Structure formats: C-alpha cells, structure tokens
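Here is a short set of notes to read alongside the model. Take the points in order, with the structure open beside you.

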Amino acid sequence: YSVPCQEPPDQYIGQTKRKLKVRMREHERSCEGDLSDIQPNSTNDNGIPYHCATTGHKFLFEKTKILAREPNNYRRRIIESIHILNKKDTCVNIISGLEIDKSWNPILKGLSLG
C-alpha cells in the first residue's frame, strides 16, 4: 500500500497481511501526541511519524492505495521493496524493505507490479 502525504509527492509504502483499515489506524495513532523526541528507527520503520515530526506534514490515510495483493509474506515483502526502490525519491520510508542485491536494480527499476 501507499499512503500519500499532504505534500505531494511524498508517500509511505508498506505491506501488511492484516486488514488495511486496522493498519492505517495504527499509522494514524503513531502520529498522535508529542513526537519531538522521535528518532529514525532502522529496525521498526517509523517513517510516517518521523516525517510528521520533522516536517509538520500530515498523511492522507483515507487516500491510501493498494499497490498489490499477495498472500505469501516473503513475496509481499519483495513487492514492497520493489515499490520502495522505484519510488525512492518520494518515499519517507526509513527502511527500504527486504534487501535485494543491487545487481537487480536495472531490471527492477520501473517494473510494473500490481
């Protein structure tokens, strides 16, 4: 899924096996309260609240788009990583997803998934 920021083209790209509505509510809650001490977390991507805290921007959770559907966790993580790679200039993600060897970048750049 892709969550747009109020300031295009910024966005957050994620993946979940749970209901998207539940995951969006978790993201919304992560932006509530005092975020003044938030730091980037490289083990648990907190790109949404970190972006909110450092820019003052809000995310448009109601405009979240499903980019692809995949029941298999490993494949879902690969798809997420490819989307992050292809949109890296606009992504606020702190973690770039599953690590894919850089030798694949020429093939994966611009690859349409859906």
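1. Helices here are DSSP runs of at least four residues in state H or I, and strands are runs of at least two in state E, numbered from the N terminus. Counted this way, the chain has 4 helices and 2 strands. Starting at the N terminus, their order is β-β-α-α-α-α. Please keep in mind that this is a predicted model.

2. How does the overall size of the chain look? A compact globule of 114 residues would have a radius of gyration near 13 Å, and the chain, at 14 Å, agrees with that. Along the principal axes, its C-alpha atoms fill a box of roughly 40 × 25 × 25 Å. Of the 114 residues, 35% are buried. Taking contacts between residues at least 6 apart in sequence, 58% join residues that are at least 24 apart.

3. Next, the interior. Nonpolar side chains in soluble globular proteins tend to be buried together. The largest nonpolar core in this model has 12 residues, among them Tyr1, Val3, Tyr12, Met24, Phe59 and Phe61. Leu35, Ile38, Ile48 and Val92 belong to this core too, as do Cys5 and Cys52.

4. Val3 is a good residue to click on within that core. Which residues does Val3 contact, leaving aside its neighbours within four places in sequence? They are Gln11, Tyr12, Met24, Phe59, Leu60, Phe61 and Thr64.

5. A word on the cysteines: the structure holds 0 disulfides. Cys31 is in no disulfide, and the nearest cysteine sulfur to it, that of Cys52, lies 3.3 Å away. A disulfide needs the two sulfur atoms within 2.5 Å, so this pair does not count as one. Cys52 counts as buried because its relative accessibility is 11%, under the 20% cut-off.

6. Helix H3 deserves a closer look. H3 covers residues 73–86, and at 1.5 Å a residue its 14 residues should span 20 Å; the end C-alpha atoms are 20 Å apart, so the two agree. At the N-terminal end, Asn72 acts as a cap, with a side-chain oxygen 3.0 Å from the backbone nitrogen of Tyr74.

7. Which residues of H3 are buried? They are Arg76, Ile79, Glu80, Ser81, Ile82, His83, Ile84 and Leu85. Strand S2 (11–13) and helix H4 (105–108) are included in what covers these buried residues. Tyr12, a member of the largest nonpolar core, is also one of the residues in contact with Val3.

Methods. Residues numbered from 1 in each chain as written. Predicted model: local features only at pLDDT ≥ 70, side-chain atom pairs only at ≥ 80, totals over all residues. Heavy atoms only, no water. Buried < 20%, exposed > 50% of the residue type's maximum accessible area, 1.4 Å probe, protein only. Core = buried A, V, L, I, M, F, W, Y, C linked by side-chain atoms within 4.5 Å. Contact = heavy atoms within 4.5 Å. Expected span 1.5 Å × (residues − 1). Polar contact = N/O pair within 3.5 Å; in protein donor to acceptor, adjacent residues only side chain to side chain. Rg over C-alpha atoms; globule rule 2.2 N^0.38 Å.
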